[in-house]
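Let's take a friendly walk through this structure together. Keep the viewer open and follow along as we go.

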Amino acid sequence: MKLNIAYPATGCQKLVDIEDEHKYREFYEKRMSAEVAGDCLGEEWKGYVFRIAGGNDKQGFPMKQGVLTNGRVRLLLSKGQSCYRPRRTGERKRKSVRGCIVDSNLSVLNLVVVKKGDGEIPGLTDKTLPRRLGPKRCNKIRKLFNLNKDDDVRRYVIRRELPEKDGKKRTAKAPKIQRLVTPIRLQRKRKAMALKRHRSQKNKDEAAEYQKLLAKRLKEKRTEQISRKRRASSRNSTSKA
């Protein structure tokens, strides 16, 4: 079985091929997200603790969280679920996935280092890979550089250098800052609130005007009914006389 081990602190990952089944037997019957001590893999992994993140079986079908079996099942999957990416809007598809319990039919098991042990692992913990992209959200940039509300976040965006093309000058690329509150944004917000107040006041005025018109029509109707009754009674009195 191959173990794909990732170490988030350095951004590195390493693929380890282990032939001896006695070493990785400790992972059998464990579920995804379970933590397992790495002492069973050998002396170099002493003190390490791994979290099972997933895996693939020998035919390439991935493990799915929440499917409590060690076999393969066919599930009707839709948008937002793991192990499936819809190609059309509203599309659903029945796909084969493997359960979240580890067994001997897996070919690759994905592990994440939760706790580092005593020794260094070459290619995993001895070097650090820089992050390709920096934070994009306004508050996350403030948190990274310990900025105040008064500081201009746009000056602290991490730019990425692009390679030269056809001898042209090297350029840099920066992400668009998300959730950035600017004077234009505040102006648009004030305008939207003013329009909302104007619509509300307009609706109130129109409702009051309609009630006035309704009351006027009712009053006219009542006076007309009273006048009809009077005319009818006067006719009856003249006919009797």
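In what follows, contact means that heavy atoms lie within 4.5 Å. With that in hand, and remembering that this is a predicted model, we can begin at E26. This residue sits in the loop that connects α1 (21-24) with β3. Leaving aside residues up to four places away in sequence, E26 touches V36 and C40. Is E26 buried, partly exposed or exposed? Its relative accessible area is 42%, so E26 is partly exposed, given that buried means under 20% and exposed means over 50%. For a sense of distance, compare E26 with R74: the two are 48 residues apart in sequence, and their C-alpha atoms are 28 Å apart in space.

Next, turn to the sheet. Five strands make up an open sheet with mixed pairing, and their order is β2-β1-β7-β4-β3. At its edges you will find β2 (12-17) and β3 (35-37), each of which pairs on one side only. Ignoring direction, neighbouring strands of this sheet are turned by 35° against each other on average.

Strand β7 is a good place to see the mixed pairing. With β4 (residues 49-57), strand β7 (residues 106-115) runs antiparallel, and eight bridges join the two. To find the register, look for I52, which stands opposite L111 in β7. Strand β1 (residues 2-7), by contrast, pairs with β7 in the parallel sense, over five bridges. Here N4 is the residue to look for, as it stands opposite N110 in β7. While you rotate the view, keep in mind that side chains in a regular strand alternate between the two faces of the sheet.

Now for the charged side chains. How many salt bridges does a search of the whole structure find? There are six. One of them pairs D57 with R72, whose closest N and O atoms are 3.2 Å apart. This pair links distant parts of the chain, since D57 belongs to strand β4 and R72 to strand β5 (residues 72-77), 15 residues apart. The two partners have their own surroundings: D57 counts as buried because its relative accessibility is 1%, while R72, at 37%, is partly exposed.

Another salt bridge joins K116 and E120, with the closest N and O atoms 2.7 Å apart. K116 is partly exposed at a relative accessible area of 32%, and E120 is partly exposed as well, at 47%. A further one is formed by R154 and D152, where the closest N and O atoms are 3.2 Å apart. In this pair R154 is exposed, with a relative accessible area of 53%, whereas D152 is partly exposed at 32%. Some salt bridges share partners, and in this way D57, R72, R98 and D103 are joined into one network.

That network brings us to D103, found in the loop between β6 (93-98) and β7. Which residues does D103 touch, not counting those up to four places away in sequence? They are M1, Y28, N70 and R98. D103 has a relative accessible area of 10%, so this residue is buried.

Finally, have a look at the surface. L144, F145 and I158 make a nonpolar patch there of about 260 Å². One of these residues, L144, is found in helix α2 (residues 138-145).

Definitions and conventions: Residues are numbered from 1 along each chain as its sequence is written. This is a predicted model: local features need pLDDT of at least 70, side-chain atom pairs count only at pLDDT 80 or more; totals for chains, interfaces and linings use all residues. Side-chain values use heavy atoms; hydrogens and water are left out. Two strands pair if DSSP finds at least two bridges between them. Helices (H or I, at least four residues) and strands (E, at least two) are DSSP runs, numbered from the N terminus. Axes are lines fitted to C-alpha atoms, for helices over the stretch in contact, and angles run from 0 to 180 degrees between N-to-C directions. Patches are made of residues with over 30% relative accessible area and no salt bridge: like charges are joined within 9 Å, nonpolar side chains (Val, Leu, Ile, Met, Phe, Trp, Tyr) within 5 Å. Accessible areas come from the Shrake-Rupley method with a 1.4 Å probe; for residues, only the protein chains shown count as cover. A salt bridge is a side-chain nitrogen of Lys or Arg within 4 Å of a carboxyl oxygen of Asp or Glu. Buried means under 20% relative accessible area, exposed over 50%, partly exposed in between (1.4 Å probe, protein chains only).
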